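Here are my notebook entries from a first look around. Come along and check each stop against the picture.

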Amino acid sequence: MVDHSREHLLRKDSIWIQTGREGQELDAGSATGKSLGVFTSGGDSQGMNSAVRAVVRMGTFLGCKVYYIKEGYQGMVDGGDLITEASWASSSGIMQKGGTVIGSARCADFRQRAGRLKAAKNLIDKNITNLVVIGGDGSLTGANLFRQEWMSLLDELKETGKITDEQRRNCSHINIVGMVGSIDNDFCGTDMTIGTDSALHRIIESVDSISTTASSHQRAFVLEVMGRHCGYLALVAALATEADWVLIPECPPDHGWEKTLCKKLSAEREMGLRLNIVIVAEGAIDIDGNPITANMVKDLITNELKYDTRVTVLGHVQRGGKPTAFDRILGARMGAEAVLALMDAKPDTPACVVSLDGNQTVRVPLLECVERTKSVQEAMNKKNFQEAVRLRGKSFQNNLATYLRLSKLRPPKVMCDPTGQVCSSGKKLAVMNIGAPACGANAAVRSFVRFALTKGYTVLGIHDSFDGLLYGDSHQNIIEMVKPIGWTDVHGWTCQGGSLLGTKKCTAARYGLDKVAEKLKEHDISGLLIIGGFEAYHSALQMAEARSKYDAFCIPMVVIPCTISNNVPGTDFSLGADTALNEIADICDRIKQSATGTKRRVFIVEVMGGYCGYLATMAGLAGGADAAYIYEDPFNITNLRDDVIHLKNKIIQLGVQRGLILRNENANANYTTDFIHQMFSEEGKGSFTCRKNVLGHMQQGGVPSPFDRNYGTKMASKAVDYMITKVEENTTEDGKIKSCTKDSAVLLGMCRRQLLFTPLEELREITDFEKRLPKQQWWLSLVRPLLRIMAKHSNEAYRADAILSKVDFEDDDNA
């Protein structure tokens, strides 16, 4: 599991980690004869069921006998019916459920050797020598202790005659692989723990709801969120909701914070804002280590500012509800990799934790991670808060740095000149949206505007894309379409979906590059941020390539990919795709639920994405689909026939009552959604009925997910710094901007764990402009094979689907 030869390892947050086997070709039945058990322990978290399902189905695919160990360690100690064999069918229909269907319980018995002795006997009786543990650091630590004692437990059981010599030989060692299920995201060594994203959704939904009533009555609200030892939930929620203040244990406020808080809230009320939100982690402390409670903050605001203030303690609401698409996919990928790690393990292999590093599953040493996690609390106990933040890892550090930067922003002292225009250093940066609306665009605009204003720049908002730029000053337009955006103009934008600037799906060349250049010159624009999809990228590339003809394009240009299709080159994830996946997963849940009273029904669902199959594939994994048909992975009538047969077997033989097929809108010109629906309806007669759904524009989402809100905020923050640097580097003596280098026309994207600026010129070579796709897409080799394994119950159905993945990794201390 953890091989310390350097070619298999990379360094992450001072921990050596090994890349997993995700995406590699697998042989069905290759682990026949082995047994493994899976259990959940400690506090429950959304996404645990997806992980359990993945363990069962990957184990079954490899030929293992898989057991549910119900009620956590208590079930292992008590044995009997609490350790039951799992089947493909028994793991059906659990992915969308919250909590854990196999139960979780605290177990005092397992803390004693006598309890662990009983647990060992129960496992040996079932020949279980491989364990998948889903829980927090306490559960994982207990499992590792169990492993270390295993030989002595066997000796004692043999001496007392409770096991035979043969049993002792067959079960001479036990292997442990863990997955971290915790909403707090407090385990060092992984970017995100199972359940964290879902908990953030519950918090954001609550804050959004509270904001409407708070604004109506001009109230202040203090929200307490979970996080006794870790402030991740509070910190990210503050970023995602434009909270006025956040209090977390890792970064306590300085002495006198009470006055600073009151001063900030008062200043915002004077600017006309009608609500204030303060988020408090339940473990928040001051610089001296004294607790700060939500009621203390409420009393402070009430007594000092006389504001009508309310306290809301979210409590276990944060653990409740169904898991998000992210947590379902995370659980599925981690669960599958956990089984592969167990199958790779040797008797002397140390216990490991399956983790997520960027977009790749990895294996990290369990003990190192547990010790590092404990060292965070030790650092806080010593009031070494800077060290505690460092130990939390790069992800936590980046979130904190972004929040601190945003929280320190203040409106320029002189907001407007006598004519009402925003004052600045004289240079103007512009921002526009191009392409279909996608959630996260407004968060990016807000971040860009406020950071730029504090740097002394005027920000021009270009409404309705090139329509607004070219025709905004015509007599038909009552509202000015190219105008300065002020500080308060973007208040509340983070939580709103769509595009408040307005957007159009058209490229610059369609309008005429000469006309676009003329208008940019007329407005004296020094830098341009374009937020949007493939049209945004293509427009910026067209303008960059026309610099030799038009000086107006010789300015810094940055593109932030924002499209639900996730089809823009130069980035692994586009703004809006996460929100869209959640919408699709939620709709598929409701579609499947509609068949609760109808036996044997298969649903054919068409999703957006153009020629890009990202949404169909990821939503298929999150929704438990039987197949996802996409353009990038060609299919034929034989594949369709095989899937009909698969569904017949699943429904008739296994008793599973529902099936789900996803189809990308441009998957195949001949095998249309109507064709597939009609074929399945005809061929399924006597076995199942069939229904068709075309999801349409509801996939674009109502409000942005926490990921898209924070992603947009961080991207725009980086874009401002980059653009201003390029403006200052390329300002001539007469004050003009002359920026023609390829690194001044870039796309900002997330590549593995880094936000990177890639010259548009370089991206041209890896772009399929006809199909509007990157020529290489990371998820094709990593996720497509897993989707087939999770869906198929017959081993023969998968062999041809495996795709070998070769992913190169580098040390990354700058992510």
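These entries cover a sheet, two nonpolar cores and a pair of helices, all in a predicted model.

**Entry: the sheet**
I began with an open sheet of seven strands, and I read its order as E16-E15-E14-E17-E18-E23-E24, with mixed pairing. I then looked at the edges: strand E16 (482-484) and strand E24 (754-759) each have a single partner strand, so one side of each is left without a neighbour in the sheet. I noted that neighbouring strands are turned by 25° against each other on average, direction ignored.

Next I followed strand E23 (residues 745-751), which runs antiparallel to E24 and is joined to E24 by six bridges. I looked up leucine 747 and found its bridge partner in E24, threonine 758.

**Entry: the cores**
I turned to the largest nonpolar core, which has 187 residues. Met58, Met179, Met543 and Tyr614 have the most contacts inside it. Helix H10 (residues 325-344) gives this core its largest share, 12 residues.

I picked methionine 543 for a visit: leaving out residues up to four places away in sequence, methionine 543 touches Ala508, Leu513, Val516, Leu520, Leu528, Ile530, Phe553 and Met557. Another core, of 38 residues, lies apart from the largest one and includes Tyr67, Phe110, Cys171 and Val370.

**Entry: two helices**
How do helix H21 (residues 637-653) and helix H22 (residues 673-683) pack? I found an angle of about 45°, with the axes 10 Å apart, and H21 and H22 are therefore oblique to each other. H21 passes H22 in a right-handed crossing. Among the residues that meet there, I jotted down Ile637, Leu640 and Val644 in H21, and Phe675, Met679 and Phe680 in H22.

Notes. Residues are numbered from 1 along each chain as its sequence is written. This is a predicted model: local features need pLDDT of at least 70, side-chain atom pairs count only at pLDDT 80 or more; totals for chains, interfaces and linings use all residues. Side-chain values use heavy atoms; hydrogens and water are left out. Two strands pair if DSSP finds at least two bridges between them. Helices (H or I, at least four residues) and strands (E, at least two) are DSSP runs, numbered from the N terminus. Axes are lines fitted to C-alpha atoms, for helices over the stretch in contact, and angles run from 0 to 180 degrees between N-to-C directions. A nonpolar core is a set of buried Ala, Val, Leu, Ile, Met, Phe, Trp, Tyr and Cys residues joined through side-chain atoms within 4.5 Å. Buried means under 20% relative accessible area, exposed over 50%, partly exposed in between (1.4 Å probe, protein chains only). Contact means heavy atoms within 4.5 Å. Angles under 35 degrees count as roughly parallel, over 145 as roughly antiparallel, 65 to 115 as roughly perpendicular and the rest as oblique. A crossing is left-handed if the near helix is turned anticlockwise from the far one by less than a right angle, and right-handed if clockwise.
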